[in-house]
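Please load the structure in your viewer and keep the selection panel at hand. The tour moves from one selection to the next and says what can be found at each stop.

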Amino acid sequence: MPDLLERILSYAGEKGELIKRGAMPPRDRRYRIVSADDHLIEPPDLFEGRVESRFANRAPKIERDDVGNDWWVFDNERVPLLGADAYMGWDNGHAYLGPVNFDEMHPAVYDIRERVKHMDVTGVEASLNFPSAPFGFAGTRFLKMDADLGLACLRAFNDWHLDVWAGTCPGRIIPNQLSWLADPKLAADEIRTNAERGFRAVSFSENPEKLGLPSLHTGHWDPFLEACEETETVINLHVGSSSSTVVPSTDSPPAVLGALFPINAMATAADWLFSGIPLRFPKIKIALSEGGIGWVPMFIDRINHMARQLDYSQQFGPLDPIDVLRRNFWFTTFNDQLTLPLRDLVGVDHIMMETDYPHLDSTWPDTQDILAVQFADIPDDETQRITHANARALYGLA
């Protein structure tokens, strides 16, 4: 089965006229918003001066091909810059999923000062950002490189993210590091060091086994998980962070991939819950990104139904697996109008808002209007928790 990047390329079609969005005035701000899932595009100069001199000539860089598309070069592997990672920077009907160059993209996708302007359009106070598809939402690209080079480049990425992306406009970006997936003990050291530097979160793979790594059920990842619990570093599991998503057929159309994102989140929650990780690390914090909340009531129904035949006490002792789900997992939503009336089943304090800027799924720039429809019948105190307060509490924002 093709990975996520290959799928996006297969769906791209023909490249039409790309038109960048012009300046946009702020929309009416009825709600305070902290977005727990947005994305960035790594600027071409990210690694310049940030890796050891011995790696300077091998660090990732941008090259433009004969037809005008930009490619990231990773240790001799070439990966195209994707319009899918910059989609909302173009006018409606003038965007593209496939290969593009930096000149064609809106600077808000890779320039933090321009990004903040787009955040202000729809009233996003703070935002947690994941990498682009070429880098992998959990930084899986670094895992494919020579080990020493990959680690040096991952550290450079984290330095840039903290110093430039989060540091230029303090308080607007929630620092979200990448983890060294090749070695959980070294990853644990990085988590502790980065927590002292100000990182609040880490993007990790929802299913390491799909990357050729030990599964969640082996205990292999315990040093990393222990460090996350100890430092209160939130583990963010983004749909597609194992480089794949649920797609039934090799030729399923794009609508199938998008419609099944919540199933990916449900599979991830089930695997992490029944791996015993939240039992061994009872204070661990796990956030599921871009999966919505519509699947959570169904998942709870299944757990309750299976209790007719399964003795959960053998693994969970006196605890109920549903209580553990509500204790250790947080969920993100951008448009779950039919499920929000069931928010008590999910846990009101564990639901967070996202805009998914600048992806095709994003509610930006209409986020405020979309929220108005969804929260019309929800009490103000619960609305405030979901739109911003829960994320502020989880990520330790002032």
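Two strands are taken to pair if DSSP finds at least two bridges between them, and strands here are DSSP runs of E of at least two residues, numbered from the N terminus. The model on display is a predicted one.

**First stop: the sheet**

Begin by selecting residues 70-74, which make up strand β3 and are joined to β4 by 4 bridges, the two strands running antiparallel. Within this pairing, pick V73 and look across to β4, where R78 stands opposite.

Now turn to the other pairing of β3, in which 4 bridges again link an antiparallel pair, this time β2 and β3. If you select E63, its bridge partner in β3 is W71. Following the chain between these two strands, you will pass through the 5 residues that separate them in a hairpin, and in that turn G68 deserves a click, since its phi is positive, at about 95°.

With these strands displayed together, what is the order of the open sheet? The 3 strands are arranged as β2-β3-β4, with antiparallel pairing. Strands β2, at 61-64, and β4, at 77-80, are the edge strands, each of them pairing on one side only. From one strand to the next, the twist averages 35°.

**Second stop: a histidine in a helix**

Next, select residues 112-121 to show helix α2, and within that helix highlight H118. Is H118 buried or exposed? Its relative accessibility is 6%, and because buried means under 20%, H118 counts as buried. To see what surrounds this residue, add H106, A108, Y357 and W364 to the selection, as H118 touches each of these when residues up to four places away in sequence are not counted.

**Third stop: two packed helices**

Finally, select residues 261-274 for helix α8 and residues 295-306 for helix α10, which pack at an angle of about 40° with their axes 10 Å apart. That angle makes α8 oblique to α10, and the crossing of the two helices is right-handed.

To display the contact itself, show the side chains of P262, A265, M266, A269, A270, L273 and F274 on α8, together with W295, M298, F299 and I303 on α10. Colouring this selection by residue class gives a plain result, as the contact of α8 with α10 has 11 nonpolar residues, no polar residues and no charged ones.

Definitions and conventions
Residues numbered from 1 in each chain as written. Predicted model: local features only at pLDDT ≥ 70, side-chain atom pairs only at ≥ 80, totals over all residues. Heavy atoms only, no water. Axes fitted to C-alpha atoms, helices over the stretch in contact; angles between N-to-C directions. Buried < 20%, exposed > 50% of the residue type's maximum accessible area, 1.4 Å probe, protein only. Contact = heavy atoms within 4.5 Å. Parallel < 35°, antiparallel > 145°, perpendicular 65-115°, else oblique. Left-handed = near helix turned anticlockwise from the far one by under 90°. Nonpolar A, V, L, I, M, F, W, Y, C, P; charged D, E, K, R; others polar.
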